[in-house]
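The following exercises concern one protein chain. Please consult the sequence and the structure while working through each solution.

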Amino acid sequence: MIRRQHMEAQKNTSSVPVSEFLLICFPNYQTWQHWLSLPLSLLFLLAMGANATLLVTIRVEASLHEPMYYLLSLLSMLDIVLCLTVIPKVLAIFWFDSKSINFSACFLQMFVMNSFLTMESCTFMVMAYDRYVAICKPLQYPSIITDQFVARAAIFVATRNGILTMPIPILSSQLRYCARIIKNCICTNMSVSKLSCDDITFNQLYQFVIGWTLLGSDLILIILSYSFILKAVLRIKAEGAVAKALGTCGSHFILILFFSTVLLVLVITNLARERIPPDVPILLNILHHLIPPALNPIVYGVRTREIKQGIWNLLRRLKEVR
């Protein structure tokens, strides 16, 4: 009822022709933005450096030219794009008070965040399937998980998530706006659409349904894959085989668990927005676009012997060039 009255009041006012928005990060704690920029900058450099190192290592090391590592390269590329879409603008706000963002740039950022987040989830699902085949059907692995499989999987990841998330920014861009101050560091659909004079029920409903359908289906398939893997591993009786098999999946499982946990916490804090300070969801949203990209290559680099060896080989080559 209150929402309806608010909408009626807004309809009686003229909409504002918006050519740009203003991003107001942490409305209640703007004084400590400069302090927060330091750890965010370090995490950003770590994420960029670690993912770039991983991509270069897989590219130049012939022993890593395998489907499993191609999928890891896809994950690193998605992480780099997500970081570059969000963090530089956040740091520009903190350092230079560059709060304005172009109308088109805002909705482009919204599209990249929504589509690439679901692409990352879908990539985790494909990687879980890769480990399922490797452990449950080892003899068929070379014929199932091929370079062609990876290429088709990458096309599927990009197409499914790009097409299904594209209506979110399109719907938001067609709205009439009565204000232009976004109380967030980034152009999330929820933060932007709240400024509209129009009814945003369908907009919010579409994002909710698509988000839970894509991320939920990926998570269900990931859980099923690891359930079959665990069942198969427990049947192995050879000494040390269980530890070795679980070790190959450990990196995947850690990253998927962290990705899903942070996303779930972010959703809960947004749903309980009235009981939680508004700055908490904003901070969690930023960290979710920064910490997983920083952790992904590090976890794989530490836990995967072939990648560690590839990095050492790369460093030796660089020393020889000097």
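**Exercise 1.** Determine which helices each supply at least two residues of the nonpolar patch on the surface.

Step 1. The helices are α9 (201-235) and α10 (241-271). Helices (H or I, at least four residues) and strands (E, at least two) are DSSP runs, numbered from the N terminus.

Step 2. The structure is a predicted model, in which local features need pLDDT of at least 70, side-chain atom pairs count only at pLDDT 80 or more, and totals for chains, interfaces and linings use all residues. Residues are numbered from 1 along each chain as its sequence is written, and side-chain values use heavy atoms, with hydrogens and water left out.

Step 3. The patch consists of Leu205, Phe208, Val209, Trp212, Leu264 and Ile268, with about 610 Å² of accessible area together. Patches are made of residues with over 30% relative accessible area and no salt bridge; like charges are joined within 9 Å and nonpolar side chains (Val, Leu, Ile, Met, Phe, Trp, Tyr) within 5 Å. Accessible areas come from the Shrake-Rupley method with a 1.4 Å probe, and for residues only the protein chains shown count as cover.

Step 4. Helix α9 gives the most to the patch, namely four residues; Phe208 is found in this helix.

**Exercise 2.** Compare the UniProt record for "transmembrane region" with the helix content of residues 149-170 and 205-229.

Step 1. The unreviewed UniProt entry lists residues 35-57, 69-95, 107-129, 149-170, 205-229 and 241-268 under this heading. Such annotations may be inferred rather than shown by experiment; their positions are given in the numbering used here, with feature names shortened.

Step 2. Residues 149-170 are 95% helix and 0% strand, and their end C-alpha atoms lie 32 Å apart.

Step 3. Residues 205-229 are 100% helix and 0% strand, with end C-alpha atoms 36 Å apart.

Step 4. The protein chain as a whole has 13 helices and three strands.

**Exercise 3.** Identify which residues of the largest nonpolar core touch the most other members.

Step 1. The core has 43 residues, of which Leu72, Phe124, Met127, Ile222, Tyr226, Ile229 and Tyr300 touch the most other members. A nonpolar core is a set of buried Ala, Val, Leu, Ile, Met, Phe, Trp, Tyr and Cys residues joined through side-chain atoms within 4.5 Å.

Step 2. Two or more residues come from each of α2 (33-60), α3 (67-96), α4 (103-136), α6 (147-165), α9, α10 and α12 (291-303). The largest share, 13 residues, belongs to α4.

Step 3. Not counting residues up to four places away in sequence, Phe124 touches Leu75, Ile222, Leu255, Ile256, Phe259 and Asn296. Contact means heavy atoms within 4.5 Å.

Step 4. A second, separate core of 41 residues includes Cys25, Met48, Tyr206 and Ala294.

**Exercise 4.** State how many salt bridges the structure holds, and describe the one between Glu61 and Arg317.

Step 1. The structure holds seven salt bridges. A salt bridge is a side-chain nitrogen of Lys or Arg within 4 Å of a carboxyl oxygen of Asp or Glu.

Step 2. The side chains of Glu61 and Arg317 meet at 3.7 Å, N to O. Glu61 lies in the loop between α2 and α3, whereas Arg317 lies in helix α13 (residues 305-321), 256 residues apart.

Step 3. Glu61 counts as buried at 10% relative accessibility, while Arg317 is partly exposed at 39%. Buried means under 20% relative accessible area, exposed over 50%, and partly exposed in between (1.4 Å probe, protein chains only).

Step 4. Another salt bridge joins Arg131 and Asp130 (2.8 Å, N to O), and both residues are buried.
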